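Biologist: I would like to go through this fold with you and ask how each label is earned. Could you take me through the reasoning step by step?

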Amino acid sequence: MLTEEAVRPARRARLSRGLLAWALVGPVAAFAVLRAGGLERGNPLVVLVSFTPYAAVLAPAGVLVAVWARSRAAVIAGVVAALALAACVVPRMFGTEARPGVPVRVMTANLLFGRADPAALVDLVRRSRPDFLSLQELPPDAVARLDAAGLGGLLPYRVYHAGEGPDGSAIYARHPLRELKGLFTPVGHNMPAARAEVPGAGPVDIIAVHPAPPLPGARWADGLRSLPPATRAAPPAAMAGRGSAAPGGAVPRILAGDFNASLDHALLRSLLATGYRDAARDAGQGLTPTWPANRRLPPLFTIDHILADRHFTTASAEVHTIPGTDHRPVTATLHLTPPP
């Protein structure tokens with residue numbers, strides 16, 4: 001018979017292993033509850049939820065330690081958390097098939113107070129050939145530098161809301177633009193909206209998105225809530241002979257810009273639930289980070305997005321890098337077509 005003195009070290013070892021297992025599984029399980037429940041409210045939780053893809057990668061390690069520790073409860077909690085996080089993240093790695101339709105090319109870039117290399121941006125526009133370009137953090141002097149680099153020759157139409165520092169935003173286009181006023185009330189930086197007639201497709205609305213960052217007092221949540229919902233797509237029969245605009249003025253809508261939010265933020269998911277699709281996610285690029293770029297460490301978060309309503313499907317999307325800015329531009333080819 002084992003004495004108490006002989007049993008005590010084994011108990012201590014089991015307890016130590018169990019504590020180690022819970023030290024790894026507990027935070028991941030709490031993170032999974034935070035993300036799945038959309039419970040982030042204010043800092044630091046809003047920032048923390050941006051790390052969801054990294055928590056999903058670390059989750060299996062906690063399960064392995066729980067198995068080694070022979071802690072059944074920790075194993076169960078770890079497996080549930082890992083599966084919940086994987087369900088949030090893994091679909092972004094796989095694209096969806098685009099319907100045939102009229103191609104509409106869209107590009108967005110945050111210029112970091114206008115410091116982005118104008119020649120590099122114009123070269124990217126020349127190669128990507130967007131129909132629409134959404135620019136954020138565009139002060140007046142940067143507009144002049146972009147014009148000198150040739151942007152106006154490639155995209156001759158624009159709607160520009162001037163502002164210094166991060167406030168200036170613009171929509172450039174290959175087709176004539178008409179500014180839309182009163183569509184929504186922006187909260188945060190300037191967010192112009194415009195409509196263009198795309199040849200073969202009809203009218204398309206686009207909004208340059210740039211809510212405030214999630215900093216104390218910055219009204220980050222109000223900025224995301226202020227964005228207009230997706231337009232409701234009309235059935236194919238109603239679309240016949242009317243271009244791609246649905247009856248009653250439901251014009252296809254695109255939001256493009258620096259959302260200061262990832263697909264893991266509940267507010268952005270609520271916006272998507274109105275009928276938008278994220279182009280990068282539908283192209284299998286939903287985990288490609290866009291910020292902060294051009295630093296010693298690689299980009300960590302995906303906060304620059306092109307969202308399109310149900311009139312569109314995504315044929316392709318790419319994330320690029322240009323010097324001088326801490327954001328990576330995003331381009332997407334959308335197919336504008338009546339939904340099935």
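**Labels and their reasons**

Modeller: Gladly! Let me start with helix α5 (residues 118–128), which lies across β1 (102–110), β2 (132–136) and β12 (330–336) and runs at about 170° to β1. Please keep in mind that this is a predicted model.

Biologist: Which strands does helix α6 lie across?

Modeller: Helix α6 (residues 140–149) lies across β2, β3 and β4, and its direction is at about 165° to β3.

Biologist: What is the strand order of the sheet?

Modeller: The six strands form an open sheet in the order β3-β4-β2-β1-β12-β11, and the pairing is mixed. From one strand to the next, the twist averages 15°.

Biologist: Why do β3 and β11 count as standing at the edges?

Modeller: β3 (157–161) and β11 (312–319) each have a single partner strand, so one side of each is left without a neighbour in the sheet.

Biologist: How do you know that β3 and β4 are paired?

Modeller: Pairing requires at least two bridges between the strands. Five bridges join β3 to β4 (residues 169–173), and the two run antiparallel, so they pass by that rule. One of the bridge partners is A170 in β4, matched with Y160. In general, strands of a sheet pair through backbone hydrogen bonds.

Biologist: What makes R158 and D147 a salt bridge?

Modeller: The cut-off is 4 Å between a side-chain nitrogen of Lys or Arg and a carboxyl oxygen of Asp or Glu. The closest N and O atoms of R158 and D147 are 2.7 Å apart, so the pair qualifies. This salt bridge links distant parts of the chain, with R158 in strand β3 and D147 in helix α6, 11 residues apart.

Biologist: Why is R158 called partly exposed?

Modeller: Partly exposed is the class between under 20% (buried) and over 50% (exposed). R158 has a relative accessibility of 32%, so it belongs in that class. Its partner D147 is partly exposed as well, with a relative accessible area of 34%.

Biologist: Which salt bridges does D222 form?

Modeller: D222 forms one with R219, where the closest N and O atoms are 3.1 Å apart, and one with R225, where they are 3.5 Å apart. Both distances are within 4 Å, so both pairs count. R225 and D222 both lie in helix α8 (residues 220–225), three residues apart, which is about one turn of the helix.

Biologist: Is R225 buried or exposed?

Modeller: R225 is exposed, because its relative accessible area of 57% is over 50%. D222, at 30% relative accessibility, counts as partly exposed. By the salt-bridge rule the count comes to 11, and R35, R92 and D264 are linked in a network of salt bridges.

Biologist: What makes the phi of R219 worth pointing out?

Modeller: The phi of R219 is near 60°, a positive value in a residue other than glycine. Most residues other than glycine have a negative phi. R219 is in the loop between β7 (202–209) and α8. R70 also has a positive phi, near 55°, and lies in the loop between α3 and α4. With a relative accessible area of 78%, R70 is exposed.

Biologist: How do you know that the bond from N43 to P44 is cis?

Modeller: Its omega is near 0°. P44 is in the loop between α1 (4–37) and α2. A cis peptide bond also joins W291 and P292, with omega about -5°, and P292 is in the loop between α11 (279–282) and β10 (304–308). For context, most peptide bonds are trans.

Biologist: What makes up the nonpolar patch on the surface?

Modeller: L45, V47, L48, F51, Y54 and L300 form it, with about 430 Å² of accessible area together. Helix α2 (residues 45–48) gives the most, with three residues. Patch residues need over 30% relative accessible area. Y54, in helix α3 (residues 52–69), has 33% and is partly exposed, so it meets that cut-off.

Note on methods. Residues are numbered from 1 along each chain as its sequence is written. This is a predicted model: local features need pLDDT of at least 70, side-chain atom pairs count only at pLDDT 80 or more; totals for chains, interfaces and linings use all residues. Side-chain values use heavy atoms; hydrogens and water are left out. Patches are made of residues with over 30% relative accessible area and no salt bridge: like charges are joined within 9 Å, nonpolar side chains (Val, Leu, Ile, Met, Phe, Trp, Tyr) within 5 Å. Accessible areas come from the Shrake-Rupley method with a 1.4 Å probe; for residues, only the protein chains shown count as cover. Helices (H or I, at least four residues) and strands (E, at least two) are DSSP runs, numbered from the N terminus. Buried means under 20% relative accessible area, exposed over 50%, partly exposed in between (1.4 Å probe, protein chains only). Axes are lines fitted to C-alpha atoms, for helices over the stretch in contact, and angles run from 0 to 180 degrees between N-to-C directions. Contact means heavy atoms within 4.5 Å.
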